[in-house]
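Dear colleague,

Please find below the structure that I am handing over to you. A short account of what was found in it follows.

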Amino acid sequence: MGEHHGPDKGIKRWLYTTNHKDIGTLYLCFSLAMFFLGGILAMVIRAELMYPGLQVVDPDFFNQMTTCHGLVMVFGAIMPAFVGLANWMIPMMIGAPDMALPRMNNWSFWLLPVAFSILTSSIIMSTLGFGQAPNFGWTFYAPLSTTYAPASTDFFIVSVHLMGISSIMGAINVVVTIFNLRAPGMTLMKMPLFVWTWLITAFLLIAVMPVLAGAVTMMLTDRHFGTSFFDAAGGGDPVLFQHIFWFFGHPEVYIMILPSFGVVSAIIPTFSRKPLFGYASMVYATASIALLSFVVWAHHMFTTGLPLAGALFFMYMTMLISIPTGVKVFNWVATMWRGSMTFEVPMKFALAFVILFTIGGFSGLMLAMTPIDYQYHETYFVVAHFHYVLVSGAAFGIFAGVYYWLPKWTGVMYNEKLANAHFWCSTIFVNLLFFPMHFVGLAGMPRRIPDYSWQFADFNWWISIGGFGFGLSQLLLLAVVIQAGRGKGKKVSDEVWEGAEKWGLEWTVPSPAPYHTFSTPPVIK
Amino acid sequence: MTQEAEGQDVTENVEANNNKLVIRLVVICLGMFGFAYALVPLYEVFCEVTGLNGRMDLTAGGRVRVEDVAELDNITIDTSRTITVEFVADAAPGLNWRLEPETTRVTVHPGEMKLVNFYAENLSGKDIVARAVPSISPGHGAGYFKKTQCFCFDEMSLAAGQKEEMPVVFHLTEDFPKDIRTVTLAYKAFDITDKVKVIEPANDVSDSGETGDTVAQVAW
């Protein structure tokens, strides 16, 4: 037993903290802030697209909005939210006193505000009329991001480097914690699925974030140091950029969904009052998805003209991913089968996740077919697909996790009225927002364009209403989190949810979770 | 890197294990950073083997190898097949040149040698060095499109306002894919003046006679 002292007071607590719970809170608050920043950018996009023609912003500013919305949401909102959940929950789930590398943990968080200040400063400068923010799409294809890119691209490159370093350090910390700090008796196959999915996610991060760093470094040297990696004039090839980018990019989309799988796999058993169906198959399915994610990247590039054998290979590999994913969906449904289900807000979000993520999975299967992809490519169908998996998938998984563990973090039950309102508004508006995009996409409306033909006008009006509604609904989440954070609400018991104690170690510690937990390892039955 | 976590007895054993694992993971990271760069040559090899992107042999642009030149005399012409070959050529943005073929299409039999002229004119007011990058479409025909002479083998240097006629001599090999009836050869010319290091041989006593000629050496 070490000495028990409380945290420092004031700002120093947050700047110097090495406590996994404090750092988890920092990550989650940061990601909430970025979620709203990315949301504001999305509102600009939907305001422009509400009516055909150009009325709110000029096309170049529109491009900056789509680019920064994607970057902020992917790297600023979703990924840090998962790292926040990992910091809070992984040590508590495996009976460890803290993360294995606490000071690195502090550093990996504090790099993020720096990275995003740099990126955000380019948006602010653009708004004030000094130059342009990055405007080449979040996928930053060369030569748009090299030869034809604005000066702020260098801000973007530095910022991506910093977020990459932050993610890699976070991932290393997770792997070391899980491998070395498990309580005695906590074997790998006894770990909660959230820990498993994060372990696999961490390996994906370690494998692909350096590739992203390589890609932006090549961009940097192409822009300023006379290399020609992506410049045909110097013997390079812009298509090479897409290969490198998607070699990172496809595992990246699994980085953004696997931890949500883990969250949902924790929630569904609790509220079905049954153990998770097919635990081992869940672990193997997650690992197979991660392995397959390395051999499917060119399905983003069918229209660049792959050789027939290549197109077939990437098509079949992509379709193969639906098998482990199907195993997961089947297991979640089987867990609920004949369970005594109740529908608290975390369970509601988890159910919405299962249904809406599956819709996104099906549209993904459609996109996987090479000949059909020629029609869907670069249309709103693609936008619909990846928002179903990332908003009603990844983000709903995060919402579910936050509602599930918030009482444990704060010691009080969240405001159930507001939380239910948040759920229903989010679920209705997210479908109004993204479902019609399938139709306009199939009918040929291209993505990333600030204007469209008249026949898409009615759908786009409704999509924009859905967008504004979804955006405003998130203020309810903010209200719930602030209320609970201030300790306003019904006090909760240690196990919080009826019978939760048997589903995980985190429910055996007091509520709110004390500053230090498991200073002596728990006994695992 | 590892520090003692607060309120806990970290045994030296755990710390040593942590360090060992961290080092391994960092090595994987560095390896993957290197892998991103390794993708560059891997991609080139892959493109050459498959003809992906319609890229021809990258260093020579489909040039017939010296050791194969003798075999060109023994080539048989397959008159049973007639292939349309189309030509496209233009200058990339930033290069103020006119670049065009004398004709946009010819018909050839596999094995038959053909000469087509291209014209380049420097419309700008300064001397420019440019390089034309060839591309074949459909891509799987690229490996069977052979050239014995082409302006794309070297960089093109045109003085301000200079005009030049540039021949391309090519043939399609006898085993040219049966499913291709029309094949397009496209050139895109890029300004490489800044990327070419100009070495002035002037003042060099050992250099006999010729002065003023500049030797262009490609920097990449």
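In this predicted model, 51 residues of chain A are in contact (heavy atoms within 4.5 Å) with 36 residues of chain B. The area buried between the two chains, meaning the accessible area (1.4 Å probe) lost on putting them together, summed over both, is about 3600 Å², and carbon and sulfur atoms give 70% of this area. Asn180(A), Ala233(A) and Leu240(A) supply 13% of the area that chain A buries against chain B, more than any other three residues.

The rule finds zero salt bridges (a side-chain nitrogen of Lys or Arg within 4 Å of a carboxyl oxygen of Asp or Glu) across the interface of chain A and chain B.

Chain B holds an open sheet of five strands (DSSP runs of E, at least two residues, numbered from the N terminus) in the order E3-E1-E9-E5-E7, with mixed pairing; two strands pair if DSSP finds at least two bridges between them. Strands E3 (105–108) and E7 (156–158) of chain B stand at the edges with a single partner strand each, so one side of each has no neighbour in the sheet. Strand E1 (residues 83–91) of chain B runs antiparallel to E3(B), joined by four bridges; Ile83(B) has Val108(B) as its bridge partner.

Residues are numbered from 1 along each chain as its sequence is written, and chains are lettered from A and ligands numbered from 1 in the order written. Local features need pLDDT of at least 70, side-chain atom pairs count only at pLDDT 80 or more, totals for chains, interfaces and linings use all residues, and side-chain values use heavy atoms, without hydrogens and water.

Yours faithfully
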